[in-house]
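User: I'm new to this one and would like a close look at a single part. Could you pick out one pair of charged side chains, walk me through it, and then show me what surrounds it?

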Amino acid sequence: MKPFAYLRPATVEEAVRARATHPGSAFLGGGTNLVDLMKLGVSGPELLIDVGRLPLDRIEELPDGGLRIGATVRNSDLAAAPAVRERYPVLSQALLAGASGQLRNAATTGGNLLQRTRCLYFQDVSVPCNKRRPGSGCPAVEGVHRDLAVLGHSAHCVATQPSDMAVALAALDAAVEVTGPDGDRTVPVTAFHRLPGEHPERDTVLEPGELITAVRLPPPRPLAHGHYRKARDRASYAFALVSVAALLEVRDGVVHHAALAYGGLAPRPWRAAAAEEALRGAPATADAFGRAADAELSAARPLRDNGFKVELARRLTVSVLARLAARHR
Amino acid sequence: MSHDPQPVPPKAPGHPLGAASARREGRAKVTGAARYAAEHAPPHRVHAWPVPATVARGRITAVDTADALALPGVHAVLTHENAPRLEQAEDPAVAVLQGPAVPHRGWYVALAVADSLETARAAAEAVRVTYDAEEYDVTLTADHPDRYLPKEVNGGHPGTRERGDFDAAYAGALVTVDATYTLTALHNHPMEPHASTAWWDGGHLTVHDSSQGSTKARDDLAALFGRDRRDVTVVAEHIGGGFGSKGTLRPQAVLAAMAAQVTGRPVTLALPRREMPAVVGHRAPTLQRVRLGAGADGVLTALAHEVVTHTSTVKEFVEQAAVPARVMYTSPHSRTVHRVVALDVPSPSWMRAPGEAPGMYALESAMDELAVLLDLDPVELRLRNEPATEPDSGRPFSSRGLARALREGADRFGWRPRDPRPGVRREGDLLLGTGVAAATYPVLIFPSSAEAFAAPDGGFRIRINATDLGTGARTVLGQIAAEVLGAPEERVRVEIGRSDLPDAFLAGGSSGTGSWGWAVHKACSALKAELSRRQEPLPQEGVTVSADTREEIAAGTPYARHAFGAHFAEVQVDTVTGEIRVRRMLGMFAAGRILNPRTARSQFIGGMTMGIGMALTEHSTMDPVVGGFAERDLASYHLPVCADVHTIEAHWLDEDDPHLNPMGSKGIGEIGIVGAAAAVGNAVHHALGVRLRTLPLTPDAVLPHLP
Amino acid sequence: MESTAPPPDAAGPPPGATRSTVTLHVNGVPHRLTLDHRTTALDALRNHLGLTGTKKGCDHGQCGACTVLVDGRRANSCLLLAVTLDGSALTTVEGLADAEGLHPLQTAFVERDAFQCGYCTPGQLCSAAGVLQEAADGHPCHVTPDTAQPGAPVELTAEEIRERMSGNLCRCGAYPRIVEAIGDATAHPAAPPVPHAVHGLGAVSVHERREAAS
């Protein structure tokens, strides 16, 4: 790790200005991923702009009944907030399924969305990696890739996006509020993370210098139930093999509304549009849930050692949807 | 809620030995006062950071240290071109920076030394090493063309043993099992990374080292640096776990001593966690074929255990996984064979119960398979195969508590009534099952020396270079001394963990309490006799008596001496995800006399917990694409976490064995892991109805077999 | 979040500087330190303040041995850059005991033999102290029932403790004893609060914009 300068701006404007002035700078939130990557040599900013204490630490009610979550709200506080637990339990569950109590106390909402893949090759600067060093190659395609992507990957990169929170946000149709040198914009969470294609070095659609200021949740559907379930190698404190965030509204035994997103399968939280399409108007039965999962997962292109994720995702889908459907009876 | 399934037994008044005494260093550990090797900061101390090789095999062609040396605060960069020359190493794995050859990825090729940790790391990153990379082979296969039969395996056991005519007996057996079990490499990963703080004072080298044995570390360092052993002191007061990986001298001690020599400063080197898998040993992967032949009564007529494993090109270390099959069961016709292939991999070494832990997974899984075939209760099957003498040697057992451990463990666990049918117990999405497996570990005792001192004020002190890795050695040695001297424990001071104390064997092979305790017992007995001879008050300087156990241990024993045990596990298999969790586990051990039930229970439970990791969560992949282990951090190498470990009970038999040592104890540090993974795996078969023969049983392994 | 932390130092380090002077309140004692920006809170404690009770197990937030309380909340000190903590209050294992004696958690760990090698122990203790406060403040965890009342204190069952303590690895396998020891401490009237905390948890407030507008 090379020496770096440090700046703690008092305002968002100051932070954005500093970032624009220093091309080698990076924003620092809770540091749970960036400091890790700096120690690994994966990231080497010349200037750290500490946005962790910016006044973005509030959860606000929106006039439409939604919530606006400040970018520096810590994961543990977000998971504990009564408004989230009562109206968006899927988000609280996803947050609490991730990391550890210590990490959740430090990690921020904005930082969580920006955490980078845990692909072992990405984290090892002594080996090639197209995400880290464009054009150097991807050892994961033939190497150790049990934990990597089955959907949305390319020949250049098979990494997965590791956030649990982002999966719930994708299912909730959340949007990311961003500010930057060219002003403010809002990006749906489902469009926030990029698929790698030929440019895996870019994880998200953020332009250089842009800062996440908040995440906006639309009002909850009053009759929908939500649930997050994560399968992992040990009982806690492990990244997802596969996770599912689901929202389901059943009327008279028929699916009226469904939102489904997967973690652990793809370079981004994978909103399952094909599955949702198959679910709409379908009977709320295990068979229909299985067919919906198949509609989504038939596009999967597993690698040598991660085909199990397809079956795991299918099983999780059926189980979680059945559980939610049961609550409508 | 109940927090008290197993209350700590009350202290037995008057008899220190067998009392549940609290750890002597407990307060120091819970207040943060206990200092570990990296936490000694002599004046002007500097920090070191190593540079690992980034090729899987090859030669260094150039090392450019200019950028590193240009950083302010850098004192030195050691490479094979400028590092002090070492004498011939007994263990070639510590002959670091002595030449350009790179035997495996992660081998240390340079060391940066700087004022601060941050600068040392930056300097290490700035070192540019160029290699002439060579073809490499890191992949173990059962039929690898370079495999060979080693003469000896770890522990000094013969590589191959044949008794009777296995092939004929197996061919003629009514019922046979032929199964192959696959275990990946595993890593010790003690919570304290290997660390040393070293300095030279004149010609004297002092090293605070995270070592399981500072007598041997002292001797090895003296030999490497060409010094008399009196010119080297190694201190290992508190050690943050080792599980075998700190049993031998490791590169951090050698590198820190070299750096201290070059810079003239005290140097601290704590190995980065990610680099440990390459340089502090691992449990080698094993491919184990077990063949059992039995009659309708389940009595074994033929037993073959054939192991294929790897070692490095640096040295030969052969995991002795077929050795427990020479001990466990009636087997008139037996073949136990190890085959090994030297690959371009890091050097394997000791990890908690080397040999027994992987070997008993395979053997005890095979026994379960046989029980299923015969429709015989697996406890009963084992009882029917109790041998009269140790099968391989014919020697009588000094004691053999396996049958009692199985019976009493079964009772306590609630083993019966048990429906043997697999795959029939459902609780919502969960399938439930129970499993049993046996455990064994040899009684090892090594010569040690101790000193006992009586002060005129009635206080005592014992001095011995024992090591307390967290085993409770300090505490139990005080108990042994107090018992012999007839003194209250608090009147006995215990000094351990420095190589200038009387020499003692390292903490390994579950030998510590037996070996050190014997020397302490002998010294204290002699001191007591001396005190009882004296009529007059003690002189001001007190009375000191020394003893060592070389003669007693050289005398040997006509007995086969082993601890035994039985594990019982209940598991749940999630039929949605394939996630397996251990609901409860019970171990019943026959390990001689238990000298401190509080610390003993912690050790048994600790071993069983590591067994859960071996069964369910831990695996390390040798990366075929870039060489080296893939899972090098604690996010990808999954040690069990608190949520993985529910109810674990450890119990033991009162076992009176007069053929061990004066305390009547057997080692207990390792047997807890032996067989634990098999008990879990057997329970998974009972739950799921499918036999999975490759560990760990992660969801990807289980999913294809779910209903 | 950091609502009671002092405002950022207006002067700050000069542009481009790679070191800064910060004040860390450690176990109630203010320390003014000039540190390399790369220095983590963990290394500041261990190498600059001689407080080696806080342990380095992995240096990457994957083991929990470095857990300390920052303004009353548990965190991995290996992932916190010291420069970001200017003005913060840190509690380490050395600060758990007070003049009266050991913290109830420390006593319970000794009584239950909730450790062997002791290397993860300081982190377990600080983490446990954080857990007691989090539960009292109504923070849920992965195993808290959905039916639990948001904001109400959470009863620390063994299952709750196991999940909440899963960020602290113990290779010696003392987990069952750790769970028992923390259970003992929950029953102790003098358990939390942890000394030296500047403020507790639950700093997030939900602003009722609709109400304000009406």
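Analyst: Glu380(B) is partly exposed in this predicted model, with a relative accessible area of 27%. Its partner is Arg384(B): the two side chains meet in a salt bridge, 2.9 Å from N to O. Arg384(B) counts as partly exposed too, at 34% relative accessibility. Why "partly exposed" for both? Because that label covers whatever falls between the under 20% of buried and the over 50% of exposed. Both residues sit in helix H9 of chain B, four residues apart, which is about one turn of the helix.

Now step just past that helix. The loop between helix H9 (378–384) and helix H10 (402–413) holds Asp392(B), which pairs with Arg161(B) in strand S9 (residues 160–163). Here the closest N and O atoms are 2.8 Å apart, and the partners are 231 residues apart along the chain. Asp392(B) counts as buried at 16% relative accessibility, while Arg161(B) is partly exposed at 30%.

Another pair in chain B is Glu495(B) with Arg493(B), again a salt bridge, with 2.8 Å between the closest N and O atoms. Over all chains, the count of salt bridges comes to 88. Some are linked up: Lys39(A), Arg121(B), Asp43(C), Lys56(C) and Asp59(C) form a network.

As for the backdrop, chain B has 16 helices and 26 strands. Its radius of gyration is 26 Å, close to the 27 Å that the globule rule gives for 707 residues, so chain B is as compact as a globular protein of that length. Of those 707 residues, 68% count as buried. Chain B carries 69 positive and 82 negative side chains, and the centres of the two sets lie 3 Å apart.

Key:
Residues numbered from 1 in each chain as written. Chains lettered and ligands numbered in written order. Predicted model: local features only at pLDDT ≥ 70, side-chain atom pairs only at ≥ 80, totals over all residues. Heavy atoms only, no water. Helix = DSSP H or I, 4+ residues; strand = E, 2+ residues; numbered from the N terminus. Rg over C-alpha atoms; globule rule 2.2 N^0.38 Å. Buried < 20%, exposed > 50% of the residue type's maximum accessible area, 1.4 Å probe, protein only. Lys, Arg positive; Asp, Glu negative; His and termini not counted. Charge placed at Lys NZ, Arg CZ, Asp CG, Glu CD. Salt bridge = Lys/Arg side-chain N within 4 Å of Asp/Glu carboxyl O.
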